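Trainee: Could you take me through one part of this model slowly? I would like a close look at the aromatic rings and the nonpolar residues around them.

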Amino acid sequence: MIRLIHAADLHLDAPFAALSTERGSERREEQRSLLERLADLCERTQADLVLLSGDLFDSDRPYYETTQALARTLGAMKARVFIAPGNHDFYSPRSAWASMAWPENVHIFSSAEIESVELPGLGCVVHGAAFTAPYCDQPPLRGFRAPDDGAVHLMVLHGDVDGNGRYGSITSSDIAASGLSYLALGHIHTCSGLQKAGDTYWAYPGCPEGRGFDELGDKGVLSGGVEPGAALMDFVPLCSRRYEILTVDVSRGATPQAALEAALPGDARRDIYRILLTGESGIDGLDLDALEAVAAPRFYSVTLRDQTRVRRDLWSRADEDTLTGLFLRRMRANLDALENGGDRALVEKAVRFGLAALENGEDCCP
């Protein structure tokens, strides 16, 4: 079995514009440290091949220090490395892929046409192609068929399965007809897990380091092995920080601060959170500065968004000569007859649902 690491979409030198200037600089440096974790995984698993499926850089003009860090890390690996440039770091005569010397164990695909590299010592062939512009209208896998010669046929590509035609559209039928043992893809930032079309296994590892709140949770790479007719690729988290979204109903505590404190996670000092504040607030709304002071020490970075609604007087229309007024008077009579606090809360919730139905609205508790 050929031991593989499959990674993609590192987006080195991403701006992290949503963070402060200081935090953005720290995050770019942390991205470079991701390379060390990738190298450690390669050493630990004794990988034969590392397949990098594009968008390693966030643009076609990365910082010199970043290209040197990547070249140095890849060159120290004992594995053969294959890179298929993507739409962000497309291959061109002026790109870093073409303008600098890369280690001997690194092969960079440089054409939109599929190129094949034989590795007799491993009994496999690695195929691949590159983006040569920010867009690729040509389906890169269309018409390709690996020979039935007993070798393990692998391919590394940046492309969009059953997706946008501008980014190297790949269909499931193209994959099934390819005759490949494993297709290592990049472009989608969520790990797909191991998939199969026909006899061909394929996967997206997702990005190994989140950059925003559209890339939540653990991020990493795929590691495993491929042999004729079989593949086993496991997700390995490599991210240094996670992006998470937390929803907090501030009306579920004695005060909004108490509700927030009760909902905060215990161990998230390295992570980046967006907290959505929901439920009811007073007429004057929330004191976001005070709430942020409660939350900030618990995270690397946190933003609060006020999505609360103003608390309403449930009984303000009880004196109306309307169906709503009649409903409220009946419910208030039921409430006055109760002694148990829990039952009172249940009746008040029923009143909110009733008002929402009568007023054709949605102003009710979750």
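Mentor: Happy to; here is a walk through the ring pairs, then the cores, then the charges over a ring. This is a predicted model, where local features need pLDDT of at least 70, side-chain atom pairs count only at pLDDT 80 or more, and totals for chains, interfaces and linings use all residues. Residues are numbered from 1 along each chain as its sequence is written, and side-chain values use heavy atoms, with hydrogens and water left out.

Let's begin with the rings. A pair of aromatic rings is described by the distance of the centres and the angle of the planes. Here, rings of Phe, Tyr and Trp (its six-membered ring) pair if their centres lie within 6.5 Å; planes under 30 degrees apart count as stacked, over 60 as edge-to-face and the rest as tilted. Searching the whole structure turns up seven aromatic pairs. In one of them, Phe82 and Phe109 have ring centres 6.1 Å apart and planes at 25 degrees, so this pair is stacked. Phe82 belongs to strand β3 (residues 80-83), while Phe109 sits in the loop between β4 (106-108) and β5 (115-119), so the pair ties together parts that are 27 residues apart in sequence. Strands are DSSP runs of E, at least two residues, and helices are runs of H or I, at least four, numbered from the N terminus. Phe82 is buried at a relative accessible area of 0%, and Phe109 is buried, also at 0%; buried means under 20% relative accessible area, exposed over 50%, partly exposed in between (1.4 Å probe, protein chains only). Elsewhere, ring pairs join Phe57, Trp97 and Trp102 into a cluster.

Now the cores. A nonpolar core is a set of buried Ala, Val, Leu, Ile, Met, Phe, Trp, Tyr and Cys residues joined through side-chain atoms within 4.5 Å. The largest one has 31 residues, and Leu52, Ile83 and Trp102 touch the most other members. Elements that each supply at least two of its residues include β1 (2-7), α1 (21-45) and β2 (49-52). The largest share, five residues, is from α1. Leu52 has contacts (heavy atoms within 4.5 Å) that include Leu38, Phe82 and Ile83, leaving aside neighbours within four places in sequence.

Finally, look at Tyr300. Arg23 lies over the face of Tyr300 at 4.1 Å from the ring centre, and Arg241 lies over the face of Tyr300 at 3.6 Å from the ring centre. A charge sits over a ring if NZ of Lys or CZ of Arg is within 6 Å of the ring centre and within 35 degrees of the ring normal.
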